[in-house]
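Colleague: Please take a close look at one helix and the empty space it helps to line. What can be said about them?

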Amino acid sequence: MKVRNILQALTLVAFMGAPASAMAQKVKAPAGGKKISKELIGIFFEDISYSADGGLYAELVENGSFEYSPAERDGWGPGTSWKQIRPGHSLGTLQVRMDNPIHPNNPTYMRLHTERVKEYHDYAGWKGFGLENGGFDGIAVKAGAKYDFSVFFRNIGSAKQVRVVLGVPQGWGKDPKVLAETTLDVNATSWQKYEAVLSPSEDCANAVLQILVLTQGDVDIDQVSLMPQDTYKGHGLRKDLAEALAGLQPKFMRFPGGCVVHGGGDGFWDTYRWKTTIGPKEQRRGIKNTWGYHQSMGLGYYEYFQFCEDLGMEPLPILPCGVSCQGTNGGWNMWPTQAQDACPMEEMDEWVNEALDLIEWANGDVNTTWGKKRAEQGHPKPFNLKYLGLGNEEKISPEFEERFKYIYDRVRAKYPNIVIVGTAGPGSHKDNPDYENGWRIADEIGIDVLDEHYYEPRDYFLNNQQNYDNYPRDRKTKVYLGEYAAKDKKLADALYEGLYLLGIERNGDVVTMTSYAPLFCKKQHESWNPDLIYFDNTNVILTCSYYVQQMFGTTAGDYYYGDVAKFEGGDKFQGTSAVLNTEKGELYIKLINAAEEAKTATIDLSKFKVPAQAPMTTLTASSLDTENNFDAQPVAPQTKDIKISKKMKLTVEPRSANVIRLTVK
């Protein structure tokens, strides 16, 4: 793991270059440039393929609140991921209960009834009755690291002793090897949180957590947690995954979805409601995830906003607007009618208040109702929310239009400075009626930004690099390309996506934001393919597309120059871009050659005062079919210094994405 993290750090530096603060010098943009968005590259986080629980959210215990349900997945229940254990011939029973829980949002807990803990004769094994949890595909721990264990207990009767063990399984009939342990005296007769710090004696990729009652009687248990102390900036997110996102230098983050926003599977009952994802973890309401598992909401709105602050990203929360996903109950197969459900108009104020209260929670001072709740959680200063999305790729039906306009008008009236992002439906192509209706609504009411989505074979991106060239320049509504990707993760896909992004930079006056999707995928839990980053409990795999996103994310600017670089005799397999960041005093020249042979590019830097040499970073491989995966990661950017002159020619390698970073005056 140490070697992998060092290599990852080096590859991140390759595209990022030296820290901006070491060289930043504001410059004036020379004539001939076009003002473009500085927020073109962001990220889109959705809890898909175990991206949150078992992924970015660093919690190591699965189903710690016993809220898993067969409504989420066949065969699931409160005991999923748990195993009853009774070492040393102890005896007891488990009972699932819901009376007098910690909180109504967290209704299910377990009662451990321990009948016998005394060992038979001279039996030297462990004793106690209780539960064992193997985490998300094992609990991965590091020697000497500290892990915060916590649990809620309620003692029914006399005081109880409870042993907590972090151990390594040794096979049937054998006691686990102890990595760390503690013993708790449980005497509270009402729900109380108990805490301890566990520090393993050695590394282990598949540890288990055991909770053993050592005295007879009943004790209730809920909200079991094991969290590493070493998380990203101490805020509860898995460090290596968060660092991979930081390496993209994203300018915004859209969350929590995606189809997760409006339920998607069963109607309104499992719609994502942000208000039940803030506050103490034991008071949050877990729900069914659209992609067929459970969302604990340990990663909730507070953590999303906090992460945006940590990475310097603009938060872009997406809220439902009174209609369900058209995919409800297999509705995708019912095209063009589909199964979209809509709440009665007399109930729409509930959804309006979701939006208004969120803005107050994010931006209000501590004297407001919702600003006070934010402060109580540890953030008295406002988050300064700028963007708000209403709806996620819904079918643009008459029901959707009526409800969207209702909520839009009320948010706009109370908060005129909030930038509202609408939706162009699930397939943003000109032959799609949802796309046409989405843009019609945007033009009618003057939506600030419209969210387009499309996933296509790689050739679509190769052949449509001019997609935004003819978008009207006098249109009030700008474009957010919120979900897109070529349908594979090979180098060819990444290069074609890069060529497409060059076209987006060229049209950065019309397109203001983009985000590749999906972002994360955990090994053996794939709901969608491809994804930008793959991972398991100890490894992070950065795809070719990741490095192309990084190339654009770390070279953001505010002026585009179309006459600085071009390929001699180039075709659709070659593309260039030159972007100036006036705040940093840096010019970024991007050159992509997706052909199988080297090509010559001419570069004219007459407008700029440039250095005698500059770093050029190249992403390439011997085959367009090359990819990074768990078996091998052959593709990573490499950097070298090249000579710079006012007018120069450059041989660009085949199958490559390149960026030259110049400090200009």
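Modeller: The expected span of a helix is 1.5 Å times one less than its number of residues. Here that applies to α9, residues 491–506, where a helix is a DSSP run of H or I with at least four residues, numbered from the N terminus. This is a predicted model: local features need pLDDT of at least 70, side-chain atom pairs count only at pLDDT 80 or more, and totals for chains, interfaces and linings use all residues. Residues are numbered from 1 along each chain as its sequence is written, and side-chain values use heavy atoms, without hydrogens or water.

First, the length of α9. Its 16 residues should span 22 Å at 1.5 Å a residue. The end C-alpha atoms lie 23 Å apart, which agrees.

Next, its surroundings. Of the 16 residues of α9, 15 are buried (under 20% relative accessible area, 1.4 Å probe, protein chains only). The helix is therefore largely enclosed by the rest of the structure.

Now the empty space. The structure holds four cavities of 30 Å³ or more. A cavity is a set of points on a 1 Å grid where a 1.4 Å probe fits but cannot get out. The largest cavity holds about 80 Å³ of space. It is lined by 13 residues; Leu40, Ile41, Glu505, Phe552 and Ala556 are the closest to its centre. Lining residues have an atom within 4 Å of a point.

Helix α9 gives the most to this lining, with three residues. By type, the lining of the largest cavity has eight nonpolar residues, three polar and two charged.

Notes:
On a 1 Å grid over the protein atoms alone, a cavity is a set of points where a 1.4 Å probe fits but cannot get out, and a pocket is an open set with protein on both sides within 12 Å along at least five of seven lines; lining residues have an atom within 4 Å of a point. Grid points are joined across faces, edges and corners, and a volume is the space filled by probe spheres set on the points. Helices (H or I, at least four residues) and strands (E, at least two) are DSSP runs, numbered from the N terminus. Ala, Val, Leu, Ile, Met, Phe, Trp, Tyr, Cys and Pro count as nonpolar, Asp, Glu, Lys and Arg as charged, and the others, Gly among them, as polar. Buried means under 20% relative accessible area, exposed over 50%, partly exposed in between (1.4 Å probe, protein chains only).
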